[in-house]
Each structure stands twice: as C-alpha cells, then as structure tokens.
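Please open the structure in the viewer and keep the selection panel at hand. The tour proceeds by selections, each followed by a description of what is found there.

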Amino acid sequence: MGMRMAIRVFLLLLLLLASAEHSFSIYEDQVGLMDWHQQYIGKVKHAVFHTQKTGRKRVVVSTEENVIASLDLRHGEIFWRHVLGTNDAVDGIDIALGKYVITLSSEGSILRAWNLPDGKMVWESFLQGSKPSKSLLSVLINLKVDKDNMILVFSKGRLHALSSIDGEVLWEKDFSAESIEVQQIIQPLGSDIIYAVGFVGSSQFDAYQINAKNGELLKHKSAAFPDGFFGEVLLVSSDMLVSLDATRSSLVTINFQNEEINFGKTYISDLVGESSRNTVILPSKLSGIFAVKVNSFSVFIRVTTEGKLEVVDKINNAVAVSDALSFSEGQQALAIVEHVDGKILLTVKLNHDWNGDLLKESIVMDHQRGLVHMVFINTYIRTDRSHGFRALIVMEDHSLLLLQQGAIVWSREESLASIVDVTTSELPVEKKGVSVAKVEQNLFEWLKGHILKLKGTLLLASSEDIAAIQGMRLKSSEKSKMTRDHNGFRKLLIVLTRAGKLYALHTGDGRVVWSLLLSSLRKSGSCEHPTGLSVYQWQVPHYHAMDENPSVLVAGRCGPHWDAPGVLSFVDTYTGKELNSLGLTHSVMQVIPLPFTDSTEQHLHLIIDADHHAHLYPRTSEAIGIFQHEFSNVYWYSVEADNGIIRGHVLKSNCIGVVDEYCFDSRDLWSIVFPSESEKIIATVTRKLSEVVHTQAKVIADQDVMYKYISKNLLFVATVAPKASDEFRTATPEESWLVVYLIDTVTGRILHRMTHHGSQGPVRAVFSENWVVYHYFNLKAHRYEMSVIEIYDQSRADNKDVLKLVFGKHNLTSPISLYSRPEVITKSQSYFFTHSVKTITVTSTAKGITSKQLLIGTVGDQVLALDKRYLDPRRSVNPTQAEKEEGIIPLTDSLPIIPQSYVTHALKVEGLRGIVTVPAKLESTSLVFAYGVDLFFTRIAPSRTYDSLTEDFSYALLLITIVALIAAIFVTWVLSERKELQEKWR
C-alpha cells in the first residue's frame, strides 16, 4: 500500500516535470544560443549621401548583389534594404525632392521610387524599348515643373522624361532608328535644354539638342573624326567632352555647344613624356579636370578656357578618385585616395585650386583589405562652422569603410555577401592543464541563477527574469571558445568569396576569426582576371600528426574561360597564413579529392585540365607511390551541358611529350549523347563523398528486408525539351517534358530512366544514400512538384533468412564489380509542393543513424526542414497497421508546409544561394549553414536530441524532484508501518 502511494507521488511529480519543461520550451529565452544571423549588402558600386539637418544622416547605396540599402552614417548599420532579383541589376541611383530614392535597374527597363526614411516603394514604372543600349539616369534638380524634379532616363534606344512624384511618363524620344549609341545626357546649368550625345559607329559624333519640358527636338549636329573613338566619353565642363582615339594614344576633346562640333587632339606622350596603348580615362565626374591612368601611374589633366590640356599632377601610387562635390557657393571639391607605405592617404582638393589641400589625412589600413577601388565624399559642418569631409571607400576585398578625422569610423565585411564555396575545419584540442569549465560566479550567484531558472520552469518568471535568464545563458555559454568541444558543435567555417578573400567564421557566434586576401587571386600582370573556384580540405591531422595544423586548398584560375591557367593556394586554418601558392601552367576544369592520404595526412587531389590531362597534388614521391598503387581504380566523368554529352574517363599513362611524372593522360571510357532536338541537360547531382551510410538493409512492414543500392558512382541527370529549358515557362504542356536518369559513372550504364510529360525546369535535386529527390514545375497542373526515386539492390534479395545472417551464410561481404550488370529495382512517387525552390540539401550526421531531413531553400529566402518520410515512395492512402508502426505516413497529393519547420524561423537569408550541412560528433545533431547576401547558422536534431540533455534542462527541478521523491517514499513508509502496527494491535 505504501509503495503504491509512493509510485503515485513519483508519477505525479514526473508529470509535473514533463509538463513544465514542455511549456518552457519557447524561443524567447533561446535567441542566439544555437543560431546566428548576419546581414550584408555586397560590394558597393553607387552611393548617394543624405545629410540634411533634420532626420538621420545616411548614405544610400546600390551593390553588385543587386541590393539597394540605406546605411546609418554613424555606425554603418542598415536602416533598410531591398534585395532585387538576380536579373534586376541596378544601373543607377539618385535622390529626388529630398525624400525619394530613385533607382534604375534591369538594363534600364524598371524605374522605381523608394521612400527615403523607411524604404517603402512609392511607385514603379516600366520603360519600353527595343534596342539594347547603355542605361543612363539623371535627376534634373535645376529644372522644376510644378515643384516636381524631372527624371531623365535613357534606355533601350529611348529617352524618357518622368515625374518624380508619381513616375508618370511626361514625354519620350525614340533614338532607335538613328543608330546612335548615346553616351551622356547633359543639362547645362540653369538651362531648359538638354543634350543627348554619343557615337554613330566608331568615328562619328552626334549631338541632339532637346527641349527638356516637352521633348521637342531643337537641333541635331553631327561630325566625323577620322581617327575614331575608343571607350566612353567623359563630361569635363558644360560644353566639353573628352575621349580616347581608336589607338588609345591620344586624347580627343569635343566641343559640342557651338554651331558646329569641334575636335581637338592631344598626344598623351606630349603630356606625360611617354606613350601607352593601355590608357584608361578614370570615370570620375569632375569639373574642368579629369584623370587618366597611363601604365602604372595616374595623371590629372586640366582643360583650359581655350580648350587646351595641361597636366596638374602625376601620382605613381595606386589611386582612386571621387566625383566632384559641391559644398559651397561656386566651390567644388574632389577626393583622391592613394596607397603609400602600407597606409592610405586621403586628400581633398578644390577643383580650381589644385595647389591647396582642403584636407590631407593618413590612415593605417589592414593590408588584407587590398587596394581602394572606389571613393565617395560628403561634407559636414564642424563646430567652428568650417567644412569637414568624410569619405566612404570601397576596398579590393569588397569591404566598406567610412573615414572621418583621420580614423576609420566603421567598417563592413561585405565580401561575405558573395560566398563562392564553403568547407569546415576542426578547432584545436584543448591542452592539458587548462580548465574547461571555470566557475565565475560565487555560491550566492549560483543559487540565484538556479532559482531564476526554477521560476521560469514553473511559469512564474517575469519578463525581467526571462531577460536575466537569457543573459546568464549567453554569459555562461562556451560556444565561442577557440577549442573543440566534446559534442562537435564548435568548428571553423572556411568560406571563399568572390573577392578572392578567405574567411574563417566561428560556428558559435559567427565572428570572423581571421581573414586572408589571397595573393594568388589578386589582379596582377600575370593574372588579369583572377577567379576563385572552390576550397577543399587539404591536410586534416589525426592522432600521430596532431602537431600539424589543418590546412585547406583553394583552387582558382586567371581568366573568365575554362582554359585559363590555374592557381592554387594552401592556407593554415588555425592561423590564416598562406603556406604556399602556385601559378599553374595548366588550367583547372575539375578538382577531384581522392580518398587517399600520405603520412602527413595530406589528401591527394587530382586536377583535370581543359585538355583532359590529370595532374596529381601534392607533387611528392610518396604521393605518386600511393597513387600508382590505385592507378587503375580512378574514374571520373565530365558533363558538357551545351553539347548534351556526358563522358566517362579513366587514366591511361603519363603525359606524352611532357616531362612531368605527376601528369597523366586519360582516355574516354564511355559517352552518352543526348539528342539535341529533344533533350537539353539542365541539372546533374551526385552523393556527397563524405556521406556516411549506417546500414544497407532496410526492414519494411512485413518484416521483409530490402537492400539499398549504395554507390558513390551514381549520377542523377535531368534533361528537358529545348523549348522547356526556359525558366519563364514559354512552352506548352504538349511541347515540354522532363526526363531523369540514374547513370553509373564507371560503366556509363543507365540504371533508371523516367519521363515526366508536361513538365519543365528549373530542376533542383539532392542525392543521398540510395534515393534522389528533385523539384520541378508541372505545366499541366500549373504547380510545382517534388518527386523521389529510391533504388534497391536485388542481388542481396536472398539475404532475408535470419539464420543465414546469424551463421554467416550470406553474400553481404562478397565483392561487387560495377562491370557486372546490377540487379536493381526502383520505387518512385510524386507530390505537389507549394513553393518554388532555390536549393535543396539533406542533413548529415556522424554515423548516418539519425533519420534524414530535407533542407529546402524556398523562393522566399527561408530554409524549410521537411522529414524524408513525407517523400517515401511506399506511402499509400490506407497504410496497414504494420506500415503505420514502421512510420509510413498516409498518402496525400501535397507535401505539408509546417510553419514550425522553418529552420530560419521568421528570419530571411536574402539572396539565398546555398545550404551546407556538417555532422556534429553527437549523432542526433547536424550543423546547418545557409549563405547568400545574408548568413545564417544553426544546429538541428531531425530525430530530437535523444543522445543528450537540452541546454535549458533544469537540474534544479530534477534535484527537487529527487528530494521530494525520497521524502515521499520515507513518509509513506512511516505511515504504512504505523498503520500496520495499529492493525496488529486490534
């Protein structure tokens, strides 16, 4: 009886503990504990300051990532921003009426106005035109009609005049029939006349004089210049333009406001004492002065009143020049930024007085930021009523900095908005003698903390208490330590950016541990167009090699084409130092990490060039010995999507005609040619090389066993009808089809083929274990679909007898040859899906035991976690009881979108491009990193954290429960003994 009461009390307390723990699992007190989110804008290409006396001081920028943003000038924080589409590049920005941000984008076809304080769209206008042309934007602040600033836009062969209030087109002038390439739209100060000037062909200059109020053509002038023109024209005064001649050896001045167009020619050698055929006019908008880059130096040239050219300054260092800034009546200033001895020198000069400096400051700059690419200046009034200047500079590494009073006020690492590739690196092991957990609180604070947690568990905590609990957790968290943890949550994310800069981000809080601007990916005489391609784990020390630091391999090329010479860099992931860099004589078409390591734990890599030669790295005798042993087992494939061909390759022998023992010729083993009139390759995907599969066997509902066909050599290929390859759905259902293939890349054998009639791309796919999931658009149903294919090995079908498995009479360990025709079966199913998809990946865990979740990057730039069970091809409308016990979900035509399944919660990863998953040491947990313009990191447990306690587990409540249980057992035992004694005395 007493024991029964004790059990009841225990169950009651256990129920209280479970319900309290469940009710406290809210997001409010967990913000920042397991995830972080960082917002960026990308490399700035246009900037307009707005520093009126009233309102916040800000700068409005547009970037190469198609972002429009308003930044706080005090701290560099984002007030607001808009990320436009990938095909909606910004051509220009300006401010109208002091309250609207005007943007021209999409090759001059879309003009928008945004409210300056909050970034809300005010109006949007679509501009028509048929002829591709340069896009120009100009807000005529000197010409007001009914308190309205007129906006001039030249795009697609037409000149448009629009109202800045509502975006209405006031008038337009069509130049498409004139064959002119308009270079500038010019409005002389205080005039109602505008000039559209440009080139016809390579040697004729035309000027059109137009009434700005009604668009009436007043005059058209044309003149030929026999030596021809090169590049664009630059406006240097209200009536003077300057350009280069066709040979780039002379400067040509063009006076276009006289009755006739007059040309003047000046040899560059006469101005600077040497000639160059690589002369470039810097595109800064100055008044009476312009800058020219000749060879390795920059020259500033003044245009005199007589139209003559004279040199006013010559700078030998790398230089960036701002546009002219009007800061006082009739006064204009410009900023010059040059690099001198590891510092940058900021000089502000008056246009008309070059000998006097308004400002000259020297700022120490981190050499890892590279050179200054662009500079924008703004003025402010000092306390003594004089004019001060601030400069916004864009660096070679895409970072954005504000300079003021000789110091860096703030900086933004905008290179992280353009990540190209990601890998990971382990942190160093904590050395002995260092305490892992140091108690920083005294006993009173410890008790206070546990009392607060207990109040929160019992739902008695106030908002102040919850804030205090969150602060305590963040303070006591060890997630930001620079050593490994036993759960494997702390790692380094090694990211390569488009700027050629490598970053190490800590997974605990997302901070930059180190950054390195790779010397091999910087523009130089030997590498004019460097491009970073990918990053790989190079050296991963284990056990005996723990004294070595891990390192990564960065592969790139020196040109926009695949046959350009390659470059390699080797970087220490602990220190961020570049260990070595190589300029290759061959190109880099493909990098294949091989599953072999040498004695120093360096991974062997095979680099395939444009001529299909294979090059082995590292170039050591030990590596070549290991590689020769596995020479006949190396296979790879290549995809020529434009030609519709997939080829399989194998190594042949050392390169013929080249004295290089690390170079090998290859031969084609097989090829698959898709008919160009009916199929076009739009997607290919394979399994991750590092994926771990826990078991090949899959036990199904009737206790039967199916064996997964596990092969790292499987390739998923998706092709569509040529008319259906267009993403904008121009094909009819009868003209479109999607065909998917599973191909063995060793033999070229097609294991499975399936056709989806009336469907088209784009196709996003992920391959894991023995299944592939892909997303596409169904034209017949006018909906997106997701399909799944699972492939099973029938050659193992005899291994279903338990006795055979027990006594070893099975063929599970028998060798498999891919050249023998595999006995496989496939199962497939299709489902409707609500969203368009940008990318798909799958969770990965250390042992592959935990159930899988698909991580879907939606068109709304969020990450959705979808249980793989929803994409089980064996789902049926009425599953049997055995199938329900197995976990089979009843069949529906659509996949569910559960709001709580968004990994990113209410946040967005703007411009989402990729999702990377990394296994933690805890089998239940997978680390997730999503990147685009923004960055997001979190960790998820697809099958819940079955192998660990949660971080918010209440040890205090557990202790109270144990004490209460012991007390209850003791009390009930005493009462039971007393009652038993009383019964005996009766």
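Which residues make a nonpolar surface patch of about 430 Å²? In this predicted model, select Phe970, Val971, Trp973 and Leu975, which together make that patch. Within the selection, centre on Phe970, a residue of helix H8 (residues 955-985). Phe970 has a relative accessibility of 52% and therefore counts as exposed, the cut-off being over 50%.

Next, select strand S29 (residues 343-350). Seven of its eight residues are buried, so the strand is largely enclosed by the rest of the structure.

Add strand S28 (residues 331-340) to the selection: S28 and S29 pair in the antiparallel sense, with eight bridges. One position to display is Val340, whose bridge partner in S29 is Lys343. The two strands form a hairpin with two residues between them. In the turn, select Asp341, which has a positive phi of about 50°.

Now add strand S30 (residues 357-364), which runs antiparallel to S29 and is joined to it by seven bridges. Here, display Val348 together with Leu359, its bridge partner in S30. S29 and S30 also form a hairpin, with six residues between them.

Finally, move to strand S33 (residues 400-404) and select Gln404, which lies in it. Display the side chains of Gln404 and Arg390, which are joined by a polar contact of 3.1 Å. Leaving aside residues up to four places away in sequence, Gln404 touches Tyr380, Phe389, Arg390 and Val409; show these residues to complete the view.

Note on methods:
Residues numbered from 1 in each chain as written. Predicted model: local features only at pLDDT ≥ 70, side-chain atom pairs only at ≥ 80, totals over all residues. Heavy atoms only, no water. Helix = DSSP H or I, 4+ residues; strand = E, 2+ residues; numbered from the N terminus. Polar contact = N/O pair within 3.5 Å; in protein donor to acceptor, adjacent residues only side chain to side chain. Contact = heavy atoms within 4.5 Å. Patch = residues over 30% accessible without salt bridge, like charges linked within 9 Å, V, L, I, M, F, W, Y side chains within 5 Å. Areas by Shrake-Rupley, 256 points an atom, 1.4 Å probe, with all protein chains shown as cover. Salt bridge = Lys/Arg side-chain N within 4 Å of Asp/Glu carboxyl O. Buried < 20%, exposed > 50% of the residue type's maximum accessible area, 1.4 Å probe, protein only. Pairing = 2+ DSSP bridges.
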